[in-house]
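Me: Could you walk me through this model and show me how each label is earned? I would like to see the reasoning as well as the values.

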Amino acid sequence: MLSAAGFAKTWKYIELFKEGLVCTVSLSALTVLFGFFLALFLAVFRLSDINVFRFLSRESQWRLREKGGFVYAASRFNPVSFLATVYVEIFRATPMLVQLFFIYYVLFAGVELPSFKLFGFIRFDRFVPGVVALALNSGAYLCEIIRAGIQSIDGGQTEAARSLGLSQWQNMRFVVLPQAVKNILPAIANEFVTIIKESSICYTIGVQEIMYAVASTKGATYRIAEPLVIATVIYFCLTFPTSKIIAYFERRMSRGDKR
Amino acid sequence: MATRDNIIQVKDLKKHYNQGKIKALDGVTVDIQRGDVMVVIGPSGSGKSTFLRSLNLLEEPTGGSIHFGGMDITKKKSKDANGNLVKVNINLHRQKMGMVFQHFNLFPHMTILDNMTLAPVQVKGMKKDEAEEKAKHLLERVGLGDRANAYPIQLSGGQKQRIAIVRALMMEPEVMLFDEPTSALDPEMVGEVLEVMKELARGGMTMVVVTHEMGFAREVGNRVLFMDHGQLLEQGTPAEIFDHPQHPRLHDFLSKVL
Ligand SMILES: Nc1ncnc2c1ncn2[C@@H]1O[C@H](COP(=O)(O)OP(=O)(O)OP(=O)(O)O)[C@@H](O)[C@H]1O
Ligand SMILES: [Mg+2]
């Protein structure tokens, strides 16, 4: 299985692993960045108060009908929140690999991406669909994290903001979101760790991340165990310190709250 | 019809839950006049908070009307002073009604100064330095001039509530609503908050105050409302309410709290 000769052979391709490391880190970082903003919108949509069928619950002069009954339920229907919910549920209920293939082979089939190489080696036309697929997927998960963060903010904050005349959006922007994001920073960092690991799936569409280096080395040397050991070490060195740092900040922040 | 002194007219206000099974407000009619210090008393669950919160539509009533500034703010559209049908902009009306809560609800991620300048700058478009000038002036007035750059967590309850009051005053409201502003405070801090409220009343501010501080009601209030089961059972001057209560439930209530 593992042998010194095998490692010696594999080591000749160590450059591929270095490139893979750079690729994995940029893939994950961009994914969290785009995924976060997507999630922010999804979460705000899910929690929005846009009732286009509100008129159903209105009697003469827009008086609010009392709660209960089918008409009332229908009047509360919020299409924006509904669509955001459908999105989140679909992306959380289907395999990442299916989503990735869909986006790479179907969505990007008709898109002519420039074929230049990022950092001189990352193929742009593979990298972009990879980021898109990962970001769309993690956006769904981050949405639920952000939603929980928003809901954890005391309702009194919103009442105070609204009673000062701030609009629903201003309240979100200046009062609720800044507090919510601070609370969920550890959870977002955890999602970053998850994405570092899950980004390995992108090797199936030819993104040159760490697993791609494993596959290439295997093809050239007919060794699999040694490249896998190297990949494992790299992944571990990426994720383990990251989670330790998160845990440290989490402890420090909760101490601040109790003061 | 609206007389000149009436600032808020509440007519047959209702707030029902569960298809009318719970009547938090069950037909409240009252006029609030400019300069009034109206104190609302009543047992727990009688609808005091619901009444107060309905006034700036933090609760949406299920019946009745609230006229403020000549418009029925419970409607989507209302006739303005000139008789034109215009859209009711609730954010605009809320700017004119300051509200102070039992639990202060300061924004913990902002300094005291930012707490106070947020709404004037974002909502009224006031210049930042102008707003800060005004905030510092108000802070001086409530004896907290040196705390402008502190965060809410660094303040005592009484200090927080005084900040909450001047934060609302930054918008130069026509009416101030208080929902049990001293109930969450340690006893030794109640006085400093009531002092600020008295000062406001002396300055002629129109106030609606839900409180259990009967001393304050008697001393500062010019009208007292007694509520029970969502209804306004009795109203009058403090002397009438406290010295000559008519309704048996008011008798009962006063015997428990005084
Ligand atoms: N969202 C709600 N759903 C159902 N019932 C409610 C709701 N909000 C309030 N109520 C009911 O409405 C009634 C009036 O409540 P309100 O908070 O106005 O009373 P209160 O006089 O302010 O009492 P307290 O002195 O305890 O603050 C209560 O019986 C309460 O249970
Ligand atoms: Mg109450």
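**Ligand 1 and the chain contact**

Reply: Happily! In this predicted model, ligand 1 is surrounded by Tyr17(B), Ile22(B), Ala24(B), Pro43(B), Ser44(B), Gly45(B), Ser46(B), Gly47(B), Lys48(B), Ser49(B), Thr50(B) and Glu180(B). By class, that shell has four nonpolar, six polar and two charged residues.

Me: What makes the pair of Ser49(B) and ligand 1 a polar contact?

Reply: An N or O atom in the side chain of Ser49(B) is 2.7 Å from an oxygen atom of ligand 1. The cut-off for such a pair is 3.5 Å, so this counts as a polar contact. Gly47(B) passes too, because a backbone N or O atom lies 3.0 Å from an oxygen atom of ligand 1.

Me: And why does Tyr17(B) count as a polar contact of ligand 1?

Reply: A polar side-chain atom of Tyr17(B) lies 3.4 Å from a nitrogen atom of ligand 1, which is within 3.5 Å, so the pair qualifies. Overall, the protein covers 60% of the 640 Å² of accessible area that ligand 1 has on its own.

Me: Now the two chains: why is the pair of Arg53(B) and Glu159(A) called a salt bridge?

Reply: Their closest N and O atoms are 2.8 Å apart. The limit is 4 Å between a side-chain nitrogen of Lys or Arg and a carboxyl oxygen of Asp or Glu, so the name fits. The rule finds one salt bridge across the interface of chain B and chain A.

Me: How much area is buried between chain B and chain A?

Reply: About 2800 Å², with carbon and sulfur atoms giving 55%. Glu60(B), Phe107(B) and His109(B) supply 16% of the area that chain B buries against chain A, more than any other three residues.

Conventions
Residues numbered from 1 in each chain as written. Chains lettered and ligands numbered in written order. Predicted model: local features only at pLDDT ≥ 70, side-chain atom pairs only at ≥ 80, totals over all residues. Heavy atoms only, no water. Buried area = accessible area lost by both parts, 1.4 Å probe. Near = heavy atom within 4 Å. Polar contact = N/O pair within 3.5 Å; in protein donor to acceptor, adjacent residues only side chain to side chain. Areas by Shrake-Rupley, 256 points an atom, 1.4 Å probe, with all protein chains shown as cover. Nonpolar A, V, L, I, M, F, W, Y, C, P; charged D, E, K, R; others polar.
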